[in-house]
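Please examine the structure shown below together with its sequence. The paragraphs that follow lead through several of its parts in turn.

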Amino acid sequence: MKILALEQIRKCEELTIKEEDMPSVNLMERAANACAEWITKNLYQVKRFNIFCGKGNNAGDGYAIARILKAKGFYVKVFSFNPKELPPEAAKNHKRLRELGDIELLSFEKAYELKFEENSCVIDALFGMGLKGKIDDPDFIKIIDFLNGLENVHKVSLDIPSGLYINDMYPEGTAIFKADHTLSYQFWKKAFLHPESGMYCGQVHILDIGLNKNYIDEVEVEHFISDDAKINSFFRRREAFTHKGRFGKSALIAGSYGKMGAAVLSVAAALRTGSGLVYSVSVDSGYHIMQTNNPEAMFRKGGNDFIDTITITDDEYTIGIGPGLGTEPQTQEAFANFLKSYNKPLVMDADALNIIAQNHKLLKHIPEGSIITPHIGEFERLFGQFKNSFERLDEAKKLAEELKIYIVLKDHRTQIITPEGKVYYNITGNSGMAKGGSGDVLTGIITSLLAQGYTSLQAALLGVWMHGKAGDFAAEAHSKESFLPSDLIHQLGEVFKLLNK
């Protein structure tokens, strides 16, 4: 799914209105009906709705929803800022609502005098996606702070929580409504996917309001959602007549004394993801640990307690390097020598990245088409501090283009950044994956997929999607708090079952 910029969404709306030859207020009605339908299906236990309308078209959506919910038998109150300042479409819906005569239309000030019943619902129709500048009007700051302070009520935002920008960092010091649910029209917005702004959105629900499909198909964008449809477009099911030689050879260079768990997880993930052959290049002190936990993998010694020799002579192997590697001087030297002599795309994580962070000259030796998988701390050790995740992403785009590599920037909504400047947001996964070892599993998954002949982009997209989906299955089975990174590996079979359906 594409993520459109504000002006592109506006253009899409204009074309929809033009091609369907309808008044613009009808599109507002269509959005309101989609919201009302979602609300009645998902918040059916709620009987009382309090809708807060600002002074833009988002307010028009709120007025239309109030009328529709009232017609469905719900108790509705509407709080308005100043109806005289409304744009034409919103003013029409305000007039329609006023003419009904049986809905309470109140000022913001009346809200402070009322008791909001437990299990009622507050709907934010204050600003929407067209906000310019920060919210600094005292009346709006006061009402947003008041609504955020209400307890035991459901909070729903229309299109985007008021105070946020759709694709950029919000201004410092602005007031922001904190929603439990955001009902977004047709598209994901970048704001939903970054931690600073996503925390205000609650659960995001994309509502199809029938915007112009031809425009959506043709418009050029840089940002995408890595959704099920994208994954299914290139996932390859196994043929019946085949053999292990057709599914690639993976070599995981990982582990050191005291850090064999990372190597074990990475190798196990590569095996579970379907690589035809998997080699573990690790330390002699971890030999029995590796062979006991992963008897299907072959073992090659790279040192005693830490890796000091990296020799991969078979060009058929796809390499993943870094989990539990350590940063001993001899390991750094072996890694630097290896990187300078290797020219095929590989996967790098953890201590491989930490070694590069201590010797930035190695960046230029990363083979084109390689995949690096830093978490935020590793990325900042490599490339410096950033004010926020939007700024960090902009820098990652520049670096991916400059180095001609793929960057998997791990976060709650992991971003896969391509050398062409495209960004894919992954929406599988959950906070239960925020545990040491989860990243090691991802390294093994992506290495295995790359070995099986997926392109670097496909391996990164599919690997991150599978990793997150395994996390969702693990959370369902064990809870977010309790599941272990090893449970991610055990759930990969369920992920493949899902893909094969």
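In this predicted model, the cover over the buried residues of helix 1 includes helix 2 (24–42) and helix 8 (213–218). The residues of helix 1 that are buried are Gln8, Ile9, Cys12, Glu13, Thr16 and Ile17. Helix 1 itself runs over residues 6–19, and its length can be checked: at 1.5 Å a residue, its 14 residues should span 20 Å, and the C-alpha atoms at its two ends are indeed 20 Å apart, so expectation and model agree. After helix 1 comes aspartate 21, which has a positive phi, near 50 degrees.

The next topic is a set of positions taken from the database record. In an unreviewed UniProt entry, the annotation "binding site" covers Asn58, Asp124 and Ser162. Although these residues span 105 residues in sequence, no two of their C-alpha atoms are more than 9.5 Å apart, so they gather at one spot. Aspartate 124 belongs to strand 5 and counts as buried because its relative accessibility is 0%, where buried means under 20%. With its neighbours within four places in sequence set aside, aspartate 124 is in contact with Asn58 and Ser162, and also with Phe52, Val156, Ser157, Leu158, Ile160, Pro161 and Phe177.

The unreviewed UniProt entry also applies the annotation "binding site" to Gly128, Met129, Gly130, Leu131, Lys132, Gly133, Lys134, Asp159, Ala262, Gly324, His375 and Asp440. These positions are spread over 313 residues of sequence and are spread in space as well, with up to 47.1 Å between C-alpha atoms. Two of the glycines may be considered here. Glycine 130 lies in the loop that joins strand 5 (121–125) to helix 6 (138–149), and glycine 133 is placed in the loop between strand 5 and helix 6. Are these glycines buried or exposed? Glycine 130 has a relative accessible area of 29% and is therefore partly exposed, while glycine 133, at 34% relative accessibility, also counts as partly exposed. Beyond its neighbours within four places in sequence, glycine 133 is in contact with Tyr165 and Pro171.

Aromatic rings form another topic. A pair of aromatic rings is described by the distance of the centres and the angle of the planes. A search of the whole structure yields 21 aromatic pairs. In one of them, the ring centres of phenylalanine 52 and phenylalanine 108 are 6.3 Å apart and the planes stand at 45 degrees, so this pair is tilted. The pair links distant parts of the chain, since phenylalanine 52 is in strand 2 (residues 48–53) and phenylalanine 108 is in helix 5 (residues 108–111), 56 residues apart. Phenylalanine 52 and phenylalanine 108 are both buried. Tryptophan 188 and phenylalanine 192 form another pair, with ring centres 6.3 Å apart and planes at 65 degrees, so the pair is edge-to-face. Tryptophan 188 is buried, because its relative accessible area is 10%, and phenylalanine 192 is buried at 5%. One aromatic cluster is formed by Phe52, Phe79, Phe81, Phe108, Tyr112, Phe116, Phe127, Phe140 and Phe146.

Charged side chains also sit over rings. Lysine 178 lies over the face of tyrosine 200, at 5.9 Å from the ring centre. Lysine 435 places its charged end over the ring of phenylalanine 483, 4.5 Å from the centre of that ring.

Tyrosine 200 appears again around alanine 179. Alanine 179 lies in the loop between strand 6 (154–158) and strand 7 (181–185), and counts as buried because its relative accessibility is 5%. If residues up to four places away in sequence are not counted, alanine 179 touches Lys155, Ser157, Pro161, Tyr200, Cys201 and Gly202. Alanine 179 and glutamine 203 are 24 residues apart along the chain, with 8.3 Å between their C-alpha atoms.

Cysteine 201, one of the contacts of alanine 179, leads to the last topic. How many disulfides does the structure hold? The structure holds zero disulfides. For cysteine 201, the closest cysteine sulfur is in cysteine 35, 15 Å away, and therefore too far for a bond. For cysteine 121, the closest cysteine sulfur is again that of cysteine 35, at 11 Å, which is too far for a bond. Cysteine 201 counts as buried because its relative accessibility is 0%, and cysteine 121, with a relative accessible area of 0%, is buried.

Definitions and conventions: Residues are numbered from 1 along each chain as its sequence is written. This is a predicted model: local features need pLDDT of at least 70, side-chain atom pairs count only at pLDDT 80 or more; totals for chains, interfaces and linings use all residues. Side-chain values use heavy atoms; hydrogens and water are left out. UniProt positions are given in the numbering used here, feature names are shortened, and annotations may be inferred rather than shown by experiment. Helices (H or I, at least four residues) and strands (E, at least two) are DSSP runs, numbered from the N terminus. Buried means under 20% relative accessible area, exposed over 50%, partly exposed in between (1.4 Å probe, protein chains only). Contact means heavy atoms within 4.5 Å. A disulfide is a pair of cysteine sulfur atoms within 2.5 Å. Rings of Phe, Tyr and Trp (its six-membered ring) pair if their centres lie within 6.5 Å; planes under 30 degrees apart count as stacked, over 60 as edge-to-face and the rest as tilted. A charge sits over a ring if NZ of Lys or CZ of Arg is within 6 Å of the ring centre and within 35 degrees of the ring normal. The expected span of a helix is 1.5 Å times one less than its number of residues.
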